[in-house]
Amino acid sequence: MKGKAALFTGPKQPHQIVELETPELEPGSILVRVTAAGICGSDLHIWRGDMPAALYQRGPRVSGHEMTGQVAALGPGVSTDSLGRPLQEGDRIAYMYFYPCRRCYQCTRGQLAACPNKLAQGAGMGSSPGFTGAYAEYYYLRPGHFVYKVPDDLPDEMVAPVNCALSQVIFGLNQAGLRFGDTIVIQGAGGLGINATAVARDMGADRVIVIDAVPARLELAKRFGADEVVSLQEYPEPMARIAKVMELTQGRGADVVAEFVGLPSAIPEGLAMTRPGGTYLEIGNISIGQTATLDPAAQLVFGSKKIVGVVMYEPWVIPAALDFLVRNRSRYPFDQVVSHKFPLEQIDEAFQQAEWQGREGDQTQIRRAVITP
């Protein structure tokens with residue numbers, strides 16, 4: 001069997017649409033028919049060329065990791081999802097796009113999200129063309145995966161971010177210790193920030209404050225539960241934004257500040273918004289080599305503040321994320337997070353329109369682009 005795939009060939013280079021043979025299924029594997037694949041912020045970082053040079057020396061490959069699909073074929077020995085529910089061809093599924101090795105120090109301590117080997121065979125990490133990423137008609141879910149059936153009442157466009165943005169923020173806010181009655185500041189109202197706004201509200205946050213430069217994003221954040229929004233257009237200087245957050249938090253700062261912008265310059269600003277004894281959650285900065293200047297004494301030690309860095313999540317999060325969507329699908333406008341859908345053949349246009357860097361005030365910027373192979 002064959003299927004189409006879009007090969008990433010280099011930063012801002014046109015993708016190559018090719019036809020590939022589907023792999024022979026190993027015991028414990030699943031062949032997925034991809035139905036929706038989102039363009040995540042990390043995909044934009046890769047497309048721009050922001051990542052380490054070694055990533056770009058692997059040759060053409062299928063990139064992308066944020067996706068959902070249907071079971072096209074079950075490998076030998078697979079008859080249920082990871083919760084023991086019967087699984088068959090045609091079932092809609094959500095799945096982790098990385099593979100904890102279960103053989104390292106971190107994994108043996110139950111810290112699967114901290115596994116240093118989890119991306120060795122993850123989506124988009126292949127060194128040769130194959131169905132190893134989201135931007136293709138098929139995705140090969142390797143043995144050792146975690147997979148979960150998707151409830152019938154959730155559309156694919158709503159489920160696509162489950163294995164990335166939604167699960168990431170659920171796990172991140174859990175690790176940061178967000179508690180009932182807390183105040184949270186969310187830096188950035190992209191896919192991660194919008195999801196975090198709703199999740200924080202669902203976790204019992206008393207006040208949710210969202211910061212962004214794009215008016216349409218801030219308006220959407222309000223519809224996802226934000227009590228207050230702070231616009232970079234209205235408050236262009238960091239000190240002005242810090243002062244505004246202090247005003248909104250009775251001068252003490254937020255219990256949790258979460259960074260979803262992906263720019264190191266946001267970190268000192270966010271730490272200044274974090275109350276003494278509070279927690280700064282760092283998720284957005286994934287471009288290695290970029291730095292921020294900190295005063296550890298003033299910004300951390302004398303304020304007894306914590307920094308929690310989170311990448312990926314643990315297996316329990318995906319079913320929790322699906323339950324969250326079922327519980328809140330009529331409460332928040334999840335159907336409006338994805339603003340544009342593109343066929344696989346228009347993937348280059350999708351990336352160009354999804355690009356936000358240098359367009360922070362552009363009213364035509366799209367919220368989230370999804371590829372529908």
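1. Contact here means heavy atoms within 4.5 Å. The model is predicted. By that criterion, the buried residues of helix α6 pack against three elements: α5 (191-202), β10 (207-212) and β11 (228-231). The points below start from this helix, go on to the sheet, and end with single residues in loops.

2. Which residues of α6 are buried? Helix α6 spans residues 215-223, and R217, L218, L220 and A221 are the buried ones. They lie on the same side of α6, because the arc they cover around the axis is only 160°. As background, an α-helix has 3.6 residues a turn, so residues three or four places apart point the same way. Just after α6 comes G225, with a positive phi of about 110°.

3. Two of the partners of α6, β10 and β11, are themselves paired. They run in the parallel sense, joined over four bridges. Within this pair, I209 has E228 in β11 as its bridge partner.

4. Both strands belong to an open sheet of six strands, ordered β11-β10-β9-β12-β13-β14 and paired in parallel. At the edges are β11 and β14 (306-309), each of which pairs on one side only. On average, neighbouring strands of this sheet are turned by 20° against each other, direction ignored.

5. Two helices lie across strands of this sheet. Helix α4 (residues 165-176) crosses β9 (183-187), β12, β13 (274-282) and β14, and runs at about 150° to β13. Helix α8 (residues 266-273) lies across β9, β10, β12, β13 and β14, with an angle of about 145° to β13.

6. A separate group of strands is built around β16 (residues 369-372). Strand β3 (residues 30-38) pairs with β16 in the antiparallel sense, over two bridges. Strand β15 (residues 340-343) runs parallel to β16 and is joined to it by four bridges. I371 in β16 is a useful residue to look at in both pairings: A37 stands opposite I371, and F342 also stands opposite I371.

7. How are helices α1 and α11 packed? Helix α1 covers residues 41-48 and helix α11 residues 347-354; their axes are 11 Å apart and meet at an angle of about 105°. Angles of 65 to 115 degrees count as roughly perpendicular, and α1 and α11 are therefore roughly perpendicular to each other. On the α1 side the contact involves D43, L44 and W47, and on the α11 side F351, Q352 and A354. The residues of this contact divide into four nonpolar, one polar and one charged.

8. Two non-glycine residues deserve a look at their backbone angles. Most residues other than glycine have a negative phi. K12, in the loop between β1 (2-8) and β2 (16-21), has a positive phi near 60°. Q250 also has a positive phi, of about 55°, although it is not a glycine. Q250 sits in the loop between α7 (238-248) and β12 (254-259). With a relative accessibility of 59%, Q250 counts as exposed.

9. Is T22 buried or exposed? This residue, in the loop between β2 and β3, counts as buried because its relative accessibility is 16%, and the cut-off for buried is under 20%. Not counting residues up to four places away in sequence, T22 touches M1, L31, F131 and Y138. The C-alpha atom of T22 is separated by 8.2 Å from that of Y140, a residue 118 places away along the chain.

10. P76 lies in the loop between β5 (67-74) and β6 (92-95). At 47% relative accessibility, P76 counts as partly exposed. Its contacts, leaving aside neighbours within four places in sequence, are with L25, E26, P27 and G28. P76 and G172 are 96 residues apart in sequence, and their C-alpha atoms are 35 Å apart in space.

Methods:
Residues numbered from 1 in each chain as written. Predicted model: local features only at pLDDT ≥ 70, side-chain atom pairs only at ≥ 80, totals over all residues. Heavy atoms only, no water. Buried < 20%, exposed > 50% of the residue type's maximum accessible area, 1.4 Å probe, protein only. Arc of directions from axis to C-beta. Axes fitted to C-alpha atoms, helices over the stretch in contact; angles between N-to-C directions. Parallel < 35°, antiparallel > 145°, perpendicular 65-115°, else oblique. Nonpolar A, V, L, I, M, F, W, Y, C, P; charged D, E, K, R; others polar. Pairing = 2+ DSSP bridges.
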